[in-house]
Amino acid sequence: MIWLKGKGIEFFIKYTKEVMEKNLSFLLEKCSDVLDSCFELLNDIIDYSMLLLPRTSSEEVKKAMLSKYMMYPMLYNVIYPNAQYACVAILQGAIPQAYYCLRTLIEAMAIAVYADTHSKLKDLNWDRKIEEKGVRNATLFGIKDSLRKMFTKVFGNKRGNEYLELLLHTYESLSAWIHPVAKIRIESEQSGEEYAAGLLKAIVLTWNKHGIPPSYGILIPMEYNNADVEDLRYLKENIEAVRLSLAILTYVWSIDKDVDKEGVGKLLERIIKESS
């Protein structure tokens, strides 16, 4: 481990800084909307951190809400840090790591909604909730039936089911980028089919099309090149899907809480318009 001392570690710091600066120039020239979407996502989360604050003037009630709802530690200590690192990862050329962060955002918020709304869990303090079997073993697909009930109660049957399918599809699309091999299911009116996906598949597709692997298939951090543009554009689409998914989840959570649900609803409407 001697090489990590002195000039060794200085090399990694200098190299990472240079890569981020060059990637910023590349993104601004080739696909600035990727960065725009990433920072819009970060701004959404900052808005949620304000809109979801307890509105009560009672310090006792406010303290009780902050102790009770898992949304608060998830939002401040899990969701915001990972959203910020997604922006950093993009600048580092670390597209798979950005996907990991994006998936974490959806999973964290969905579990918070589940824990704070489910009849058997909602009255517990959040530090008790995380010890409950239903929470500590929770996965997005494992709690989808509970989420479906919550979504349809808030949005109605048709719209609620559409929003849940959007959430699940977005999560599955993000997951395909963080596993070496994976599958993704494409639904049609007639049936659904499964296709090979995963990190290795993405690398091979780019390699076959451009004659070189994508930057993240060579080294991380790494400078972007033209072979990465398609992956970056797809990343932008996924960031927009994450923004909508989080807006839907936040609105579902807010509906029976003493928070600024009108403000949350307006933010959801704006994101829906931007995504249409």
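Me: Where should I start with Asn238: is this residue buried or exposed?

Reply: Asn238 is buried, because its relative accessible area is 5%. Buried means under 20% relative accessible area, exposed means over 50%, and partly exposed is in between (1.4 Å probe, protein chains only). Keep in mind that this is a predicted model, where local features need pLDDT of at least 70, side-chain atom pairs count only at pLDDT 80 or more, and totals for chains, interfaces and linings use all residues. Residues are numbered from 1 along each chain as its sequence is written, and side-chain values use heavy atoms, with hydrogens and water left out.

Me: Which residues is Asn238 in contact with, leaving aside its neighbours within four places in sequence?

Reply: A contact means heavy atoms within 4.5 Å. Setting aside neighbours within four places in sequence, Asn238 contacts Tyr99, Ser173 and Leu174. Asn238 itself belongs to helix α11. Helices (H or I, at least four residues) and strands (E, at least two) are DSSP runs, numbered from the N terminus.

Me: Ser173 and Leu174 came up there. Which residues of α9 are buried?

Reply: Both of those are on the buried list for α9, along with Gly160, Tyr163, Leu164, Leu167, Leu168, Thr170, Tyr171 and Ser175. As background, an α-helix has 3.6 residues a turn, so residues three or four places apart point the same way.

Me: How many Å should α9 span, and what do its end C-alpha atoms give?

Reply: The expected span is 1.5 Å times one less than the number of residues. Helix α9 (residues 157-175) has 19 residues, so 27 Å is expected; the end C-alpha atoms are 27 Å apart, which agrees. You can run that check on α5 too: 23 residues should span 33 Å, and the ends are 33 Å apart, again in agreement. For the 15 residues of α12 (residues 261-275), the expected 21 Å matches the 21 Å between the end C-alpha atoms.

Me: How many residues of α5 are buried?

Reply: The count is 19 of 23, so α5 is mostly covered. Take Ala112 in α5 (residues 95-117): its relative accessible area is 0%, so this residue is buried. Beyond neighbours within four places in sequence, Ala112 contacts Met70, Met71, Met74 and Trp253. Ala112 and Met70 are 42 residues apart along the chain, yet their C-alpha atoms are separated by 5.3 Å.

Me: And what covers the buried residues of α12?

Reply: The cover includes α2 (32-51), α8 and α11 (229-254). The buried residues in question are Gly263, Val264, Gly265, Leu267, Leu268 and Ile271. Tyr48, in helix α2, gives you a view from the other side. Tyr48 is buried, at a relative accessible area of 1%. Apart from neighbours within four places in sequence, Tyr48 touches Leu75, Arg243, Leu246, Ala247, Thr250, Leu267 and Ile271. In sequence, Tyr48 and Leu246 are 198 residues apart, while in space they are 9.6 Å apart, C-alpha to C-alpha.

Me: Which peptide bond is cis here?

Reply: Most residues other than glycine have a negative phi, and most peptide bonds are trans. The bond from Ile220 to Pro221 is cis, with omega near 0°. Pro221 sits in the loop between α10 (199-210) and α11. Pro221 is also one of the residues touched by Val19, together with Leu91, Gln92, Met222 and Glu223, not counting residues up to four places away in sequence. Val19 is part of helix α1 (residues 7-30) and is buried, at a relative accessible area of 2%.

Me: Which residues line the second largest pocket?

Reply: On a 1 Å grid over the protein atoms alone, a pocket is an open set of points where a 1.4 Å probe fits, with protein on both sides within 12 Å along at least five of seven lines; lining residues have an atom within 4 Å of a point. Here the lining is Thr117, His118, Ser119, Lys122, Ser146, Lys149, Met150, Lys153, Val154, Val252, Ile255 and Asp256. Helix α8 (residues 144-155) supplies the largest share, five residues.

Me: How many helices and strands does the protein chain have?

Reply: It has 12 helices and two strands. Its radius of gyration is 20 Å, close to the 19 Å that the globule rule gives for 276 residues, so the chain is as compact as a globular protein of that length. The radius is taken over C-alpha atoms, and the rule is 2.2 Å times the number of residues to the power 0.38. Buried residues make up 46% of the 276 residues.
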